[in-house]
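Colleague: Thanks for sitting down with me. I would like to go through this model and ask how each label was earned.

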Amino acid sequence: MDIITTPAPAGADPHHHDHAHDDGSMTVFGFWVYLMTDCVIFGSLFATFGVLATSTAGGPGGRELFDLPYVGVETLLLLISSFTFGMGMLEMHAGRQDKLISWLAITFVFGAGFIGMEVREFAHLIADGAGPGRSAFLSAYFSLVGTHGLHVTAGLLWMAVTMHQVKRFGLDPVVRRRLACLSLFWHFLDLIWICVFTFVYLQGAM
Amino acid sequence: MAGTHAVPHDAHHASHGTRKSYVRGFVLSLVLTLIAFAVVMAGSERHGLVLGVITILAVAQLVVQLVYFLHLGAAPEQRNNTVIFVLTALLIANVIGLSLWVMHNANVNMMPTQMTPQAAMTRE
């Protein structure tokens, strides 16, 4: 009898253990692993850019093309959006749904502003004959900065969907988990941008 | 069980951050960004020195955002993320560093120095 009853609490323990891991933390960890593989993609693009940075094929280089004050404003927009997303996550942890949505909306506006400025910059470069086909330097530039821009665009779409989900379903565990992943994604994109403005724009304009 | 679940987990607070930590991260990032732009826009001709300074500023800002925005650290619930990040950073440092090194050597040793880009492009 003893032998039969004693495993019962022991059996309940692994269940409790499972439950503790079922709060979405494993999903968020998995998403972090995905972000690290994304990091490797950007690492390769940075390596490519680094190798080709001086291969301008007689065309314009960073010094002629890059407008630093313009890039500075882009940088500020993305940095502010990273901060406002953080503010939103604090509201999520406090359970204040309306404030969370307001912060997400502000984040969306700044993110969209960043993308708008980047698209305008690309359009100007291409109009001036400095498109991705002009030189290896510009191919690498458009690949690297464009890949970052695509990520931010995907993040904006994701944010719009998530805002809708918060309104529709409230702050249930699934929505919280998705917000946690999106917040990692968004902050991660600002990290990549630090490397872009430093090693593409600032170094290029030197 | 249900009662304890409704209470916000205090143990997880370190991995969420606070208003204060976000503001601190934001202000530090802002300052580091402004210094980096100011250093380059001052237009110094000492390129090596300027590159060194902006690299240090970028690494500092990466660390600031990893700690204050992405909540990496040595706490037990952050450790997995931190370890995998460090390994990835090592991998990327190798990919970038070795690519630059290999290609620099290739350029120095194998570039046909007598050919201009225009000549290379017009050659069929």
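Colleague: Why is H124(A) called partly exposed?

Modeller: This is a predicted model, and every value I quote is computed from it. H124(A) has a relative accessible area of 45%. Buried means under 20% and exposed means over 50%, so H124(A), at 45%, falls in between and is called partly exposed. The residue sits in helix α6 of chain A, which covers residues 97–127.

Colleague: How far is H124(A) from L52(A), in sequence and in space?

Modeller: They are 72 residues apart along the sequence and 22 Å apart in space, taken from C-alpha to C-alpha.

Colleague: What makes the contact between E91(A) and R96(A) a salt bridge?

Modeller: In general, side chains of opposite charge can pair when their charged atoms come close. The label needs a side-chain nitrogen of Lys or Arg within 4 Å of a carboxyl oxygen of Asp or Glu. For E91(A) and R96(A) the N to O distance is 2.6 Å, so the pair meets the 4 Å cut-off and counts as a salt bridge.

Colleague: And what makes E91(A) and R19(B) a salt bridge?

Modeller: The N to O distance there is 3.4 Å, which is again within 4 Å, so the label holds. This pair crosses between chains, running from E91(A) in helix α5 (residues 68–94) of chain A to R19(B) in helix α3 of chain B. E91(A), R96(A) and R19(B) are thus linked in a network of salt bridges. A search of the whole structure finds 2 salt bridges over all chains.

Colleague: Are the residues of that network buried or partly exposed?

Modeller: There is some of each. E91(A) has a relative accessible area of 3%; that is under 20%, so E91(A) is buried. R96(A) has 41% and R19(B) has 43%. Both values lie between 20% and 50%, so R96(A) and R19(B) are partly exposed.

Colleague: Why is I35(B) allowed into a nonpolar surface patch?

Modeller: A patch residue must have over 30% relative accessible area and no salt bridge. I35(B) is partly exposed at 38%, so it passes the 30% cut-off. Its partners in the patch are V23(B), V27(B) and V31(B), and the patch has an area of about 280 Å². I35(B) itself lies in helix α3 of chain B, residues 19–41.

Colleague: What is noted about the backbone at A57(A) and at H71(B)?

Modeller: A57(A) has a positive phi of about 50 degrees although it is not a glycine. H71(B) is also not a glycine, and its phi is positive too, at about 55 degrees. A57(A) is in the loop between α3 and α4 of chain A, while H71(B) is in the loop between α4 and α5 of chain B.

Colleague: How do you know whether A57(A) and H71(B) are buried or partly exposed?

Modeller: The 20% cut-off settles it. A57(A) has a relative accessible area of 23%, which is not under 20%, so A57(A) is partly exposed. H71(B) has 12%, which is under 20%, so H71(B) is buried.

Colleague: How many helices and strands are there in each chain?

Modeller: Chain A has 8 helices and 0 strands, and chain B has 6 helices and 0 strands. As for burial, 50% of the 206 residues in chain A are buried, and in chain B 27% of its 124 residues count as buried.

Colleague: Could we finish with a pocket? What lines the second largest pocket?

Modeller: The second largest pocket has a volume of about 1,200 Å³. It is lined by 39 residues, and the closest to its centre are F46(A), C195(A), F199(A), Q203(A) and I96(B). Elements that each supply at least two lining residues include α3 (25–52) and α8 (173–205) of chain A and α4 (47–68) of chain B. The largest share, 10 residues, comes from α5(B).

Colleague: What is the make-up of that lining by residue type?

Modeller: The lining of the second largest pocket divides into 26 nonpolar, 12 polar and 1 charged. Phe, Cys and Ile count as nonpolar, so F46(A), C195(A), F199(A) and I96(B) belong to the nonpolar group. Gln is not among the residues listed as nonpolar or charged, so Q203(A) counts as polar.

How values were computed:
Residues numbered from 1 in each chain as written. Chains lettered and ligands numbered in written order. Predicted model: local features only at pLDDT ≥ 70, side-chain atom pairs only at ≥ 80, totals over all residues. Heavy atoms only, no water. 1 Å grid on protein atoms, 1.4 Å probe; cavity = no way out; pocket = protein on both sides within 12 Å on 5 of 7 lines; lining within 4 Å. Points joined across faces, edges and corners; volume = space filled by probe spheres on them. Helix = DSSP H or I, 4+ residues; strand = E, 2+ residues; numbered from the N terminus. Patch = residues over 30% accessible without salt bridge, like charges linked within 9 Å, V, L, I, M, F, W, Y side chains within 5 Å. Areas by Shrake-Rupley, 256 points an atom, 1.4 Å probe, with all protein chains shown as cover. Buried < 20%, exposed > 50% of the residue type's maximum accessible area, 1.4 Å probe, protein only.
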